[in-house]
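Dear colleague,

I am passing the structure below on to you, together with a short account of what was found in it. Please look through the sequence and the coordinates before reading further.

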Amino acid sequence: MEVQLITSLQQRRPLVLAVTNFITAGAVANCLSAAGMSPLMPSDPAEAAELVALADAVVVNIGSVGAEQAALLRAVVTAARQLKKPLVLDPVAVGASQARRQLITELLAGPVTLIRGNASEIAVLAGATSHGHGIDAGAEPKLAQVAAACAKRYACLVVLSGPVDYVSDGQHTKALPGGSPLMPKVVGTGDMLSGFLAGCLTLPMAPLAAAELGTAYFGQAGVQADDGQLGHWLSNFLTVLAQAPHDFGKAVQTND
């Protein structure tokens, strides 16, 4: 079933509008393209509404919080809500500065479809204590509960990424293998997952199921791309995405 859905994703070729930071924009665009999606990356708030209207899904992250980028984020999020597009928000390093916390508060003042972040970021949004910093996060206790608390707080789906990924709608939380240990060493893998999940939300299935499928697929692709050499991982990963890996045999754990 998963392979059929991924094939469907490649056949549908959804247009995913992505607002990311300058460090990871290329990685996100290449990931989306390899997976069979069409990336669209605006830079001017004045064109946000027109471009969002063309998109099938939208993903934004707060990796950059300068005035121009913040204005673009606000314009894109506003248009996505008005046009009822699937909207994924990535709260990059939200606990690192007051500017990031203020911006994410503004962006979460209205509904989003899915929040994707690491343990530190999701803990901040859930109101839990976190010792993570920057784009990384240390091991956090009771991560399934943190993911569920965040999902309840914002009435949306949450994907908490880490050695084990947690996908929650606030009522049901599923634990999934988190991919290769090389992935945290490659800058941008979280941003790539956020963009990939936005595309998955365009599939003709329930959003929670799409989020679970997309997270599992991304992790499996990361494992298949791991040949033990960090320098090879990204190119291998793009190749695996393009070929649609068929191994979804790993067990998943449910924490209800």
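The notes that follow cover confidence, aromatic contacts and internal space.

Please bear in mind that this is a predicted model. The average pLDDT of the protein is 89, and 88% of the residues reach a score of at least 70. Two stretches call for caution. Over residues 131-141 the pLDDT stays under 50, and the model gives this stretch 23 contacts beyond four places in sequence. Residues 245-254 likewise have a pLDDT below 50; for them the model shows 25 contacts beyond near neighbours in sequence.

I turn next to the aromatic side chains. Counting rings whose centres lie within 6.5 Å, one arrives at four aromatic pairs. One of these joins Phe-196 and Phe-218 in a tilted arrangement, with 5.9 Å from centre to centre and 50 degrees between the planes. This pair links distant parts of the chain: Phe-196 belongs to helix α8 (residues 189-200) and Phe-218 to helix α9 (residues 207-224), and the two residues are 22 apart. Phe-196 and Phe-218 are both buried.

Phe-218 also pairs with Phe-237, here edge-to-face. Their ring centres are 5.0 Å apart, and the planes meet at 70 degrees. Since Phe-218 sits in helix α9 and Phe-237 in helix α10 (residues 230-243), the pair ties together parts that are 19 residues apart in sequence. Phe-237 is buried, as is Phe-218. Phe-196, Phe-218 and Phe-237 are among the members of one aromatic cluster, which also includes Tyr-217 and Trp-233.

The remaining finding concerns the interior. A search of the whole structure turned up one cavity of 30 Å³ or more. The largest cavity holds about 50 Å³ of space. Its lining is made up of Ala-18, Val-19, Thr-20, Val-28, Val-59, Val-60, Asn-61, Asp-90, Asp-191, Ser-194 and Gly-195. Strands β1 (15-19) and β3 (57-61) each contribute at least two residues to this lining, and so does helix α8, the helix that also carries Phe-196. By residue type, the lining of the largest cavity comprises five nonpolar, four polar and two charged residues. The charged residues are Asp-90 and Asp-191.

When viewing the model, you may wish to begin with Phe-218, which takes part in the pair with Phe-196 and in the pair with Phe-237.

With kind regards

Note on methods
Residues numbered from 1 in each chain as written. Predicted model: local features only at pLDDT ≥ 70, side-chain atom pairs only at ≥ 80, totals over all residues. Heavy atoms only, no water. Phe/Tyr/Trp six-rings, centres within 6.5 Å; stacked < 30°, edge-to-face > 60°. Helix = DSSP H or I, 4+ residues; strand = E, 2+ residues; numbered from the N terminus. Buried < 20%, exposed > 50% of the residue type's maximum accessible area, 1.4 Å probe, protein only. 1 Å grid on protein atoms, 1.4 Å probe; cavity = no way out; pocket = protein on both sides within 12 Å on 5 of 7 lines; lining within 4 Å. Points joined across faces, edges and corners; volume = space filled by probe spheres on them. pLDDT = per-residue confidence, 0-100. Contact = heavy atoms within 4.5 Å.
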